[in-house]
Every structure is written in C-alpha cells, then in structure tokens.
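Here is a short note for a colleague who is opening this entry for the first time. Please keep the structure in view while reading the points below.

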Amino acid sequence: MKFGTRPVRSIVADPNQRHVFIVDQTMLPFALEMRTLTIWQDAAEAIRAMRVRGAPLIGVTAAYGIAMAMADDSTDEALKLAHVGLLTTRPTAVNLAWALNRMVNFLSAIEPPERADAAWAEATRIEKEDVSTNQRIGQHGLTLLQSLHRKHQRPINILTHCNAGRMACVEWGTATSPIYQAHQAGIPIHVWVDETRPRNQGLITQWELEDAGVPHTYITDNAGGHLMQHRSVDIVLVGADRITAAGDVANKIGTYLKALAATDNHIPFYVAAPMSTIDFSIEDGLVDIEIEQRGAAEVRLIRGLDRKRMICDLVLLDDDVAVNNPGFDITPARLITGMVTEHGVLKPNKLRQIPR
Ligand code: MRU
C-alpha cells in the first residue's frame, strides 16, 4: 500500500544489517514516520508504545527482537533476558507469547554459536507465514461474502471494528483479508469503519481501504447498533487478540457491544484470526484473559491535525478527572457465528478440532 506516493509495509527486515524497519503507527494516518529497530530493547519499546500494534504484527516484531538479541549475544542468559523483556510489553494479544515461545523452543535446540543466523531465519519464517496465513484467511472469508452477495444481489455491507488490517499484520490483515479479496474478485462491498476510540485505529482502517479503493464509510463507535437495526449491515467481521479453546474472543474494546447488537438483529458476526491467536491453554475468556488496562492520556487527549495540517493533541479532559481505559473486551463464543481461520470457517465450539 502507499502513503501518498510512498510504498508502505508495516515491517521490513534487513537481513544484512540485522535491522528491522517499522512504520511508527502512533503517527498514522497523519504522517508516515519510519523507525529502525537495532536491538531487542527497540523492539520491546516499539511494542509497548504501540508503534507496532495488532496481534500478528506484535508477534512478528517480537520474533525479530529475539533475532536481534541473538545477533548481539547468543547465550542462554541473553535469550532468557530478551524473552522476558519482550513478553512483558503487552498482556492481551497471545501472538506475542506464541511467537516468543516458538523462537525460544527453536533456539534452545541450537548451539549458541549457530543461534544468530538460525534466529534470523526463524523470525523471517514467522513473518512469511503471517502473509500466507492471512491470505488463506481471506480466501475462506471470501466464500462468506460471495454467498451473501448471491443471496442479496446487491452490495454487501460489512462492519468492522478497530484495525485488523494490513498494518496490524505483515500483509493482507485478518478481518480485512476477505474484504480485499472480495474487492479484487469484483464482489460489490461497502465497509462501515468504526472509529474505535480511544486510539482511533479506525483511521488506519479507513486509510487502508481508501488505498485499496474499497468503498467505505467512517462511523462513530456508537452508530453500529442503529445501522444494524435499519438493515444497513449484512455481516460484522472483526479480528482478535486472543481466542480461548472454547471460542471466547478478546478483541479491541467495544467489540462485545457490536456482537450484542448483531445477535439482537440476527446479523452474522464473524471473527477472522490465525491459529497463532488461539490460546488452547484457556477456556473462559472472562476469567482467563488479562485485559490490558491502558493509560488515561489516551482518553484525555485526542490526536489529529490542526488547521495548518500539523499533528497535534487536543485536551478533552483535565488530569483530575477519573478515567478508566480497558483496551479490550471479551465477546463470548455464544455471540459469534463463526471463526475465519487459515483452516477454514468454523463454529467457535469446533476450534479444538483444528489439526495442530
Ligand atoms: O491495541 P491494538 O491496536 O494492538 O489492538 C489490536 C487490534 O488492532 C485489534 O484488536 C484487532 O482487531 C486485532 S489484531 C488483528
């Protein structure tokens, strides 16, 4: 995709320098600022500060973080230090732990002198798999949109929340992959893009869809229920940050309310996510998933452009006003019509049947 005329990819690794270039997503969609990550602490900072964000991209960045650590010092102690340092950056998206465990398990079987090259190669495999996995998610999700189009014989209205798009992954996105593939296949679609306060990741989705030429409309977070009552939404398609074995889904705060409204209006509610987002070690999302509690500044301030098109933060609330800012919520499996994974579209209670 492009920012103006500049080609953009969420993450680009340089195998010669063993550096990683990322888009600083805290500036999107207002400015395109690239950052270079050279040591694992840079990767940790980028994840913690949400310069990289979105469950799959967090995992890929963390994998390269381990690879950068191994390029400096490939001892067991250095591996452990980087593992713990990266793991504690954000709590909810399980792709982080998944990618780190995969790197550590892989490297533990390799002698330290060989680890630097092996770690880079494994991180690169994780990055490439993200692309192919999300492409397959898109193929399976495409069938849902095709059948809705066959049924209604008019453009299909999709509602999405947050940014489960290209910038949350390496390419394609999760929830957006079926959207891009439907658009490329000539199926007429229109996307309702939730703003997604407080960080307004919907702005990133809007930018992505505009870049791809997908018809869309930006809406406030509170508009979805109304649109569903008036039959202006045919399907809700969202991403996920962690899914339990029983099919409960942690996703960006506000997702649960969309699922409630969709259920009340008999509108299909689908979650698109790779296997790396499923945490088979837990069952009950409300009990077992740690919800990230984020800082008050995200609610007190809002970022945008001033009249001179300069980035600025506007103060909405003074510091003495109490603020609560949970980053995610849990949508119970009973409100979810299906999961779009790289292995196909499944009922939430059938996840355990996926071959692992
Ligand atoms: O806090 P973020 O921006 O890292 O949250 C992640 C998300 O963008 C969403 O929750 C998304 O739907 C899942 S990631 C594909």
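Which helix and which strand each supply at least two residues of the shell around the ligand? They are helix H2 (55–72) and strand S11 (249–252). Keep in mind that this is a predicted model.

1. **The ligand shell.** Start with the ligand. It is surrounded by 18 residues. Arg53, Arg90, Asp241, Asn251 and Lys252 are the closest. By class, the shell holds eight nonpolar, six polar and four charged residues.

2. **Polar atoms at the ligand.** Three short distances deserve a look. Arginine 53 places a polar side-chain atom 2.5 Å from a ligand oxygen atom. For lysine 252, a polar side-chain atom lies 2.7 Å from an oxygen atom of the ligand. Asparagine 163 takes part through its backbone instead: an N or O atom there is 2.9 Å from a ligand oxygen atom. The protein covers 100% of the 400 Å² of accessible area that the ligand has on its own.

3. **Where the ligand sits.** The site is the largest cavity. Its volume is about 180 Å³. The lining counts 22 residues, and those closest to the cavity centre are Arg53, Gly54, Ala55, Asn163 and Asp241. Arg53 and Asp241 were also listed among the residues closest to the ligand.

4. **What builds that lining.** H2 and S11 come up again here, each with at least two residues in the lining of the largest cavity. H2 gives the most, with three residues. The class count is eleven nonpolar, seven polar and four charged residues.

5. **The other cavity.** Two cavities reach 30 Å³ or more. The second largest has a volume of about 30 Å³. Pro198, Arg199, Lys252, Arg294, Glu298, Asn325 and Gly327 line it. Lys252 is thus a name to remember, as it is also one of the residues closest to the ligand. The lining of this second largest cavity has one nonpolar, two polar and four charged residues.

6. **The largest pocket.** Now turn to the open pockets. The largest has a volume of about 510 Å³. It is lined by 24 residues, with Thr26, Arg199, Glu298, Arg303 and Asp313 closest to its centre. Helix H7 (202–212), helix H11 (297–300) and strand S14 (301–305) are the elements that give two or more residues to this lining. S14 gives the most, three residues. Twelve of the lining residues are nonpolar, four are polar and eight are charged. Arg199 and Glu298 also line the second largest cavity.

7. **The second largest pocket.** This one has a volume of about 400 Å³. Its lining has 24 residues; Trp98, Pro274, Met275, Ser276 and Glu342 are the closest to the centre. Four elements give two or more residues each: H2, helix H4 (94–108), helix H5 (112–152) and strand S13 (278–279). The largest share, six residues, comes from H4. By class, the lining divides into eleven nonpolar, seven polar and six charged residues.

8. **One element to follow.** Which element gives the most to the lining of the largest cavity? It is H2. H2 also supplies at least two residues of the ligand shell, and it gives two or more residues to the lining of the second largest pocket.

Note on methods: Residues numbered from 1 in each chain as written. Predicted model: local features only at pLDDT ≥ 70, side-chain atom pairs only at ≥ 80, totals over all residues. Heavy atoms only, no water. Near = heavy atom within 4 Å. Polar contact = N/O pair within 3.5 Å; in protein donor to acceptor, adjacent residues only side chain to side chain. Areas by Shrake-Rupley, 256 points an atom, 1.4 Å probe, with all protein chains shown as cover. 1 Å grid on protein atoms, 1.4 Å probe; cavity = no way out; pocket = protein on both sides within 12 Å on 5 of 7 lines; lining within 4 Å. Sits in = over half its atoms within 2 Å of the grid points. Nonpolar A, V, L, I, M, F, W, Y, C, P; charged D, E, K, R; others polar. Points joined across faces, edges and corners; volume = space filled by probe spheres on them.
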